[in-house]
Amino acid sequence: MTKKPIRAELRPEAVTVLIDQRENLPFETKPMQSVSGTLQAGDYSIVGLESEIAIERKSLPDLISCCGTERARFERELQRLLGYSTRAVVVEAAWSDLERGDWRSKVTAQSATGSVLAWIGGGIPFLFAGNREAAERATMRLLFCAARRRYRQLRALVQPLEELK
């Protein structure tokens, strides 16, 4: 039986994105594959790396409610995210949208920006992508980069064994 050589590089088509089943409007993952499942944290991960990668997606109205009425629940989510080596909250809006405060809520722009900055200071990266399409691209790129980094680490472990044969 001949063993297949380990691929030099990971291709996006070989990666499967795991989308949390509670995600209402999931992002398109092409050219990566996708499956639905339950994640302990976040909305997106990679199959096989669910304990290492977690990306949370937020629309601006979602984020504002997380700064107000949903704060306790969201902060529990952020605490779970801290356990992941690759973690982020990707926002479908620009930072300027947050600063502008153009929404119907008791949460002020100053309070919302302060909350996000405190969460960033606590170790949670926030990426304000500008809009949904850019958030989708950034999320898929972030997932693939994290998967590729892990693939390279694992390949480096087994490559010396292959060279000894």
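The following paragraphs lead through the strands, nonpolar cores, aromatic rings and salt bridges of this predicted model. Because the model is predicted, local features need pLDDT of at least 70 and side-chain atom pairs count only at pLDDT 80 or more, whereas totals for chains, interfaces and linings use all residues. Residues are numbered from 1 along each chain as its sequence is written, and side-chain values use heavy atoms, with hydrogens and water left out.

We begin with strand 1, residues 16-20, where helices (H or I, at least four residues) and strands (E, at least two) are DSSP runs numbered from the N terminus. Two strands are taken to pair if DSSP finds at least two bridges between them. Strand 1 pairs with strand 2 (residues 33-37) in the parallel sense over 5 bridges, T16 having Q33 as its bridge partner in strand 2. With strand 3 (residues 44-46), strand 1 pairs in the antiparallel sense over 3 bridges, and here L18 stands opposite S45. Of the 5 residues of strand 1, 4 are buried, so this strand is largely enclosed by the rest of the structure; buried means under 20% relative accessible area, exposed over 50%, and partly exposed in between, with a 1.4 Å probe and protein chains only.

A nonpolar core is a set of buried Ala, Val, Leu, Ile, Met, Phe, Trp, Tyr and Cys residues joined through side-chain atoms within 4.5 Å. The largest such core has 24 residues, of which L63, V89, L98, W103, W119 and F126 touch the most other members. Helix 1 (60-67), helix 2 (71-81), strand 5 (86-91), helix 4 (109-121) and strand 6 each supply at least two residues of this core, and the largest share, 5 residues, comes from helix 1. Leaving aside neighbours within four places in sequence, V89 is in contact (heavy atoms within 4.5 Å) with residues including E56, K58, F74 and F126. Apart from the largest core lies another, of 19 residues, among them V17, I46, A135 and L143.

Aromatic rings of Phe, Tyr and Trp (its six-membered ring) pair if their centres lie within 6.5 Å, with planes under 30 degrees apart counted as stacked, over 60 as edge-to-face and the rest as tilted. By this rule there are 5 aromatic pairs. In one of them, W95 and F128 meet edge-to-face, at 5.2 Å centre to centre and with 90° between the planes; this pair links distant parts of the chain, since W95 lies in helix 3 (residues 95-100) and F128 in strand 6 (residues 126-128), 33 residues apart. W95 is partly exposed at 26% relative accessible area, whereas F128 is buried at 18%. The rings of F126 and F128 have centres 6.4 Å apart and planes at 20°, so they are stacked. Ring pairs link F74, W95, W119, F126 and F128 into a cluster.

Finally, the charged side chains form 11 salt bridges, each a side-chain nitrogen of Lys or Arg within 4 Å of a carboxyl oxygen of Asp or Glu. K58 and E56 meet in one of these at 3.2 Å, N to O, and K58 is buried at 5% relative accessibility, as E56 is at 5%. In helix 2, E75 and R71, which are 4 residues apart and so separated by about one helical turn, form a salt bridge at 3.3 Å, N to O. Salt bridges that share partners also join E23, R57, E92 and R132 into one network.
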